[in-house]
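Colleague: I would like to learn how to read a model of this kind feature by feature, beginning with the backbone and ending with the open spaces. Could we go through it together?

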Amino acid sequence: MTLAVRYISARTLDTAAAEPSSPGPGEVELAPAYVGICGTDLHIFHGDMDARVAAPAVLGHEMAGRIVRVGPGVEGWHQGDAVTVMPLRWDDTCPACRNGHQHICQHLDFIGIDSPGAMQQRWTVPASTLLRLPDSLPLDRAALVEPTAVAVHDVGRAQVAEGEKVVVVGGGPVGVLIALVARAAGAEVRVVEPSAHRRLLAEELGLTAWNPADVDVPRLVEQWTAHAGADVAFEVSGAAGGVDTAVDVLGVRGRLCLVAIHSRPREVNLHRFFWRELTLVGARLYDRSDFEKAVTLVADGTIPAERLISKVVPLTQAPAAFEALEGGGDVMKILVDCTDDAQGAAV
């Protein structure tokens, strides 16, 4: 028997014994090493996704680990290979898939939300979801490949180009990753974040960060851009004020990339969109090329993943880690250590 972290009901998780399933045709069995807790996991924890998540549900989709067994018909993968998982299964028949947008399939199975996730000691997934990790990349850092792939996709959707001025509203894990990926693309970047802890980390990574409670962000952007306005703004805060800021900083024909999940409709200054011919673009998930680029960025140090990891806890302490993340501002990324050794030490 192995252990798994399960969502039971709003604000209730447990750590329970689970029976590993043998990999079937086209499947592999993994031993997850590290699994990150993300904002979507917190939404599930709060009960906000009960209409979609069937309890008891094993959570987690940001992971790195090793192959334990391969199922019939699986070629090119072997026991011990270091891998991460792009946690998407699509039907290949819906209009989105037929138009080449499988990552936003109209019947998408997001593994870790719609089906069992990685926060367990053994996990069986389709071999088609695997991406190989370099042997030189530590598995704890590799657990940040998935959120980095989100950032790569976001920057691509916004078509960030070298020399452009970019404002990232929200300096949590995904916001900082977007800022780093945009900077790697040659953009000049500013981060807007109220948390002193997160601003300090952003600045230690060489980014300029502003506190919206202390400064007039649109005015600073005007000064920074010689009154032209930003070329691109990313809304990553999930707050109504963040939407206002992201719109207000944009210059003529600026692009607003919506990254955060807003659980309720927001008022938007549509006159600003009309007057400056702004563009709003949505960004959801990633495709395989985004993941492949993310592996490279983490492996070569462009993304200093180790600096974003606030804490690593054993799987048995994962429920408490969810509660610690609710405060938000004093932590960035918490990883759950799913290895057998970690659980032995924790019991």
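Colleague: To start with the backbone, where is the place of Pro 56?

Modeller: Please keep in mind throughout that this is a predicted model. Pro 56 sits in the loop that runs between helix 1 and strand 4 (57–58), and the peptide bond leading from Ala 55 to Pro 56 is cis, with omega near -5°.

Colleague: What should I look for in backbone torsions, and which value does phi take at Arg 11?

Modeller: The general idea is that most peptide bonds are trans and that most residues other than glycine have a negative phi. In this model, phi of Arg 11 is near 65°, which is a positive value in a residue other than glycine, and Arg 11 is found in the loop between strand 1 (2–9) and strand 2 (12–18).

Colleague: Turning to helix packing, at roughly what angle do the axes of helix 4 and helix 5 cross?

Modeller: The axes of helix 4 (residues 145–157) and helix 5 (residues 173–184) cross at roughly 55°, coming within 8 Å of each other. An angle from 35 to 65 degrees falls in the oblique class, and the two helices, helix 4 and helix 5, are therefore oblique to each other. As for handedness, helix 4 passes helix 5 in a right-handed crossing.

Colleague: Which residues of helix 4 and helix 5 meet there?

Modeller: From helix 4 the contact takes in Pro 147, Thr 148, Val 150, Ala 151, Val 152, Asp 154 and Val 155, and these meet Val 174, Leu 177, Ile 178, Val 181 and Ala 182 in helix 5. Sorted by class, the contact of helix 4 with helix 5 has ten nonpolar residues, one polar and one charged.

Colleague: How is empty space found, and what volume does the largest pocket have?

Modeller: The general idea is to roll a probe the size of a water molecule over the atoms, which shows where empty space is left. Here the largest pocket has a volume of about 1,400 Å³, and of the 44 residues that line it, Gly 39, Thr 40, His 43, Ala 260 and Ile 261 are the closest to its centre. Helix 1 (39–45), helix 4 and helix 5 each supply at least two residues of that lining, which by class has 19 nonpolar, 15 polar and ten charged residues.

Colleague: And how many residues line the second largest pocket?

Modeller: The second largest pocket, with a volume of about 190 Å³, is lined by 13 residues, of which Ser 21, Pro 116, Gln 120, Trp 123 and Thr 124 lie nearest its centre. Strand 9 (residues 123–126) gives the largest share of this lining, three residues.

Conventions:
Residues numbered from 1 in each chain as written. Predicted model: local features only at pLDDT ≥ 70, side-chain atom pairs only at ≥ 80, totals over all residues. Heavy atoms only, no water. Axes fitted to C-alpha atoms, helices over the stretch in contact; angles between N-to-C directions. Helix = DSSP H or I, 4+ residues; strand = E, 2+ residues; numbered from the N terminus. Parallel < 35°, antiparallel > 145°, perpendicular 65-115°, else oblique. Left-handed = near helix turned anticlockwise from the far one by under 90°. Contact = heavy atoms within 4.5 Å. Nonpolar A, V, L, I, M, F, W, Y, C, P; charged D, E, K, R; others polar. 1 Å grid on protein atoms, 1.4 Å probe; cavity = no way out; pocket = protein on both sides within 12 Å on 5 of 7 lines; lining within 4 Å. Points joined across faces, edges and corners; volume = space filled by probe spheres on them.
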